[in-house]
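User: I'm new to this one and would like to know what lies behind the labels people put on it. Can we go through a few of them?

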Amino acid sequence: MVKKRQQLSLDELQQLRWALGTALAVLSAWTAFFLDVGAELWIAAVTLAGAAVLRWPWLPSRVPAWAHRLAFPVIVAVFVVDFYASRETLPVLVRVELLLLVYRLVSYRKRRDDLQIVILGLFLVVVAGVLTVSLFFAVQILAFTACSLGFLLLTTLVDAGRASEPPVVPGEVPGWAREVHWGRLAARVRAAGDWRVVALGTLLFAGVVVVSALLFLSIPRFELGNSLFLDRLIKKQSRTGFSDNVRFGDVTNIQEDERVAFTVDLDDASRLPGVPYWRMVVLDDYRDNGFRMSPELRLELTARLSERRLRASGGASGRKGDSTTWRFYYEPGVSRYLPLAGGFHEVRFNRALTFHHQEAARILALVTEPAELLGFEVTGMDTGAVLPDAPYAEREHGRNRPAKPRPDYRRLNLSPEDRGRLESWVAELTGGVDLPAEEFARRATQWLAQRHTYSMESALPPGAGDPLVRWLSSNGPGHCEFFAGGFALLARAAGHPVRLVTGFKGGNWNAFSESLIVRNSMAHAWCEVWNGRDAWVRVDPTPGAFSVGEPGPEVAAAQARGRRLDSGWGARFDGLRVFWYRRVVNFDQGTQLELASGAKRGVQDGIRWMREQTAEHLKRVEVWLRSPWSGATWITALVITLALALGAWAVVRYGRGAWWWLITAGRRREQGDPIRREAGRWLVRLEALEGGPDPERDQLRADLLRLRYGQPERAARALPVFTRARRVTRLQARARQ
Amino acid sequence: MEDAHAGEQPVRPVRPDEGGSWQGPGAPDRRRRGFRWTTMLWALLYPPRGHRVYPTISGVVLISLALGIGTAAYNTSNNILFITLALLLSCLILSGVLSWMNLSRVSWRFRLEPALRAGQETVVTLEIRNEKRLLPTYGLRFEVAAEGKADAPALCLRDRLDPGGGRVSLERRWRPERRGRRAVELVSVASLFPFGFLRKSFPGDLRVEATVWPAPVSYQEFPVLCSARRSAGRPVERVGQSGDLLALRKYASGDSHRLIHWKASARTRQWLVRQFSSEHQDGFSIWLDPSRDLWPRPEQFELMVGLVSTLAEDLFKRGRLGRVTIGAEPPRLMRRLQDVEALLDRLAVLEPVESRTANESRGPGRARSVLVFAPEGARGVAAYLDGQKAATA
């Protein structure tokens, strides 16, 4: 007798629906964590409300009726006030959504309210996904989908189980909420559930994921060239100090952040320099205790505005003919300045953007900081330490007198005392001789290293005068900003044009994804000094780098060997993230066409291979047929002919049934065991018998089950069981008569 | 003379266990046809007649969301939106697959309580069976129409219908208004399963006709009916088994096998039974004339049919009903309960006939103890026994 599974009552289904709806609301509210919209308070409120109504499901009945009446006006008022205060659409929308979720959690929901929770949750998950483009989005959307489908399924079952939806009466506890024991409910669900159905449900959900992936790959794409509208609804603040005004300590603060800043994926890994320097911001003006971009340089940068473009041309700064493609996946919140190793031939964005480009300084800056991950491809990128600058060379050599004011890379905004101290140090390290820029840079970096050690725990010494001059005069430790700033002051005091550059240095090679991961902790500051002829030369005065210009081949090889390799679970996760960026986030029409042509090539190759194989086999048969026939050959040919004739007859006689006969041959063999079949028949007859507990009958049933489903038994052992079964059934039939 | 139903199949009420064959996706005849992918795919493109899929409010919201997200995805080329769109579309596909799985190998049939009478409430049972091996079935709604009216609330499958031949019965109360052949029909089967996005509806393909006997009427019985001649000796339930042997006659349905005259049957190669004098000694005969000339008013005709059926049942219960003759039809011997049921089946579909021929208008002739019926006034009906009023309704 098949044991009947328990059925969940309507109240139990309602309790499950309540629990799943609450979980869905909390799950979707947590996605707002990734949005950085100042909604932490509301997220906590949703979580607490969810926990409370799960613990005490009668709680919503305590909400007075006037609170329900006031709910909608209050929510609208909060929205208006919040919008008036912050002037940001998206964050306000998110906060109001969370408020709505709180309200839905603390009130008994009807079907339409359940639907509202699903839609609000979907909005939150999608907005978070679009704005962060994080790998977590994949996890979130899958969890959300599974939870929503289960929730909607329960809602449908609840609706099917009742004639009509009962009204929600404020102050009244519904029957299902009066006594809820989650542990008991879990036990009931276990008893009512069938693991095979659960397994099938899991399989179906996996099917949904696979179908979604196929749909994602096959949905036709068009390059419309529009930018994301959500960008305009949120003001993103840089979480780093990469702006055009860097104060001492900004870069160091970034170095404490281990998050990924960007990932570089390139065709030819050998093109990667030993220690790459990713230039972002060029700062030429030193004043007010920090370096900043001078108004003149900013004017040069903003003079050229490219609106809603998919491409940026690097002009003459890049390496023409270099086919290496560098793909950058630039995380949101880093900066509006894009990291580049130097000049470039062309930059292609994954969406239309508005940007500024200053070719001479190799600066590419977006007008607004990207609110979500930005993917861009760079071709013809120059990674060298020497950056030619023809316009500045002409200016320096007096051949070009600019009409507009230009950046002054020699300017020292210092008091005469501080200037005097700098000049004395310059005289000390040059011996009073005018040195070429590179030689001066070498001596200056050595001089700095002799007087200062590197430390992240650095502070400017107290006192009067310029802080950086104070640090130079001390023997205190410093970090990259102090060293770069100190070098810039010394070089300017010596009359060399110099500028400070901030960005990132190095990167960890991820062997799983074969890409370079650059983290915020790799933020760095260094200098570029004018070589007096035609170019800017990179100088990194920070101890440990000591680089002036291009490193020698041995040094470069040693640097490449010494590049840090990421391993472990963190690196695996980073690899997964890169896969996400490469294959999902960056998937576009071109990739789709490549995929389609790859699939087409695969099919064509397969067909070609099959043709070749067939031709080869036919040729072998032909050779075999033409060779002299022995007795064995005749027998083989006869057997083959007979087999083919038999097959042809079966197809003609049974049609498609012949294939079915062949496919189910194995299964038929299993079913064909006469002992199993006979045991099955006796089991059915035994089930039909009625009566109270009977040990003999129970033993017989166990033996029959063993014969039916257990290991194959010999007939000699099975026959006594069947004899017993016959006797028992006869006795029972007589007793019934 | 033939009435309107003369050409139909034998009239009889639906007995238990014969409420109609199984219908639905899991009905045996459909399973014999087997599953074909081509049929299923074609049905997706061109749904069979009566198959409808309506989006519910949730469905409209989902479709609007998919459209909005699709537009945004194309407008911005944002792959996150494309992923969301793909997930929404695959959820719709999953919904269709689950709905199909929910309905597959499910069948249903009607079971009607026997002896349906006009004006009396009865129960229509819809039996549902799930022949799937693994998956249960949930949330089906059945719209049932009786006598062409589907005004009652739909029958809902509220509990889980377990696989492996699990059965459940849904009941609906029904009060037939009129006698006759009345149809109970499964108008449609609908389901919101699994997510409530779409309401799938298709014809139930199930129709059962039941015979509704005339409604019993209250009548006034006159002494002549009570004091009529009774046979001497012990009253018997079944007439025709005592008294002198009169003759042999052909076997009729309901005759006891003990009455069969084996020798005569063997000689004549047809079943012959012994006929006793007691068959005609006791009880009344009913002679019913359904002529339209006699019964010009339909309501009076209905009343007459109700009175005849009620009197026939009452007299049979008293053991005093001999035979019943309806118009020009052969007389019906009322020996067993089945005979009375057959009479009620006939009365259920009896309609006024056009005119009385000379042969028909003869009436019961010189036979005695014959109840005949005639209109009384504008609305009433009276039964006369040998010219005396025996009952009125």
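User: What makes β13(B) and strand β16 of chain B a pair?

Analyst: This is a predicted model, and in it three bridges join β13(B) to β16(B), residues 370-376. Two strands count as a pair if there are at least two bridges between them, so three bridges are enough for β13(B) and β16(B). The two run parallel, and B:Ser285 stands opposite B:Val370 in β16(B).

User: And how do you know that β13(B) pairs with strand β14 of chain B?

Analyst: By the bridges again: five of them join β13(B) to β14(B), residues 321-326, and these strands run parallel. With at least two needed, the five bridges make them a pair. B:Leu288 sits opposite B:Ile326 there. Along with helix α8 (residues 298-318), the two strands make a right-handed β-α-β unit.

User: Why is β13(B) called mostly covered?

Analyst: A residue is buried if 20 or more other C-beta atoms lie within 10 Å of its own. Five of the five residues in β13(B), 284-288, are buried, so the label fits. B:Phe284, B:Ile286 and B:Leu288 point one way, while B:Ser285 and B:Trp287 point the other way. In a regular strand, side chains alternate between the two faces of the sheet.

User: What makes strand β2 of chain B largely enclosed?

Analyst: Six of its seven residues (106-112) are buried, so the rest of the structure largely encloses β2(B). Seven bridges join β2(B) to β4(B), residues 122-130, and those two run antiparallel. B:Ser107 has B:Arg129 as its bridge partner in β4(B).

Terms used: Residues numbered from 1 in each chain as written. Chains lettered and ligands numbered in written order. Predicted model: local features only at pLDDT ≥ 70, side-chain atom pairs only at ≥ 80, totals over all residues. Buried ≥ 20, exposed ≤ 12 C-beta atoms within 10 Å, placed from the backbone. Helix = DSSP H or I, 4+ residues; strand = E, 2+ residues; numbered from the N terminus. Right-handed = clockwise from strand over helix to strand, strands pointing away.
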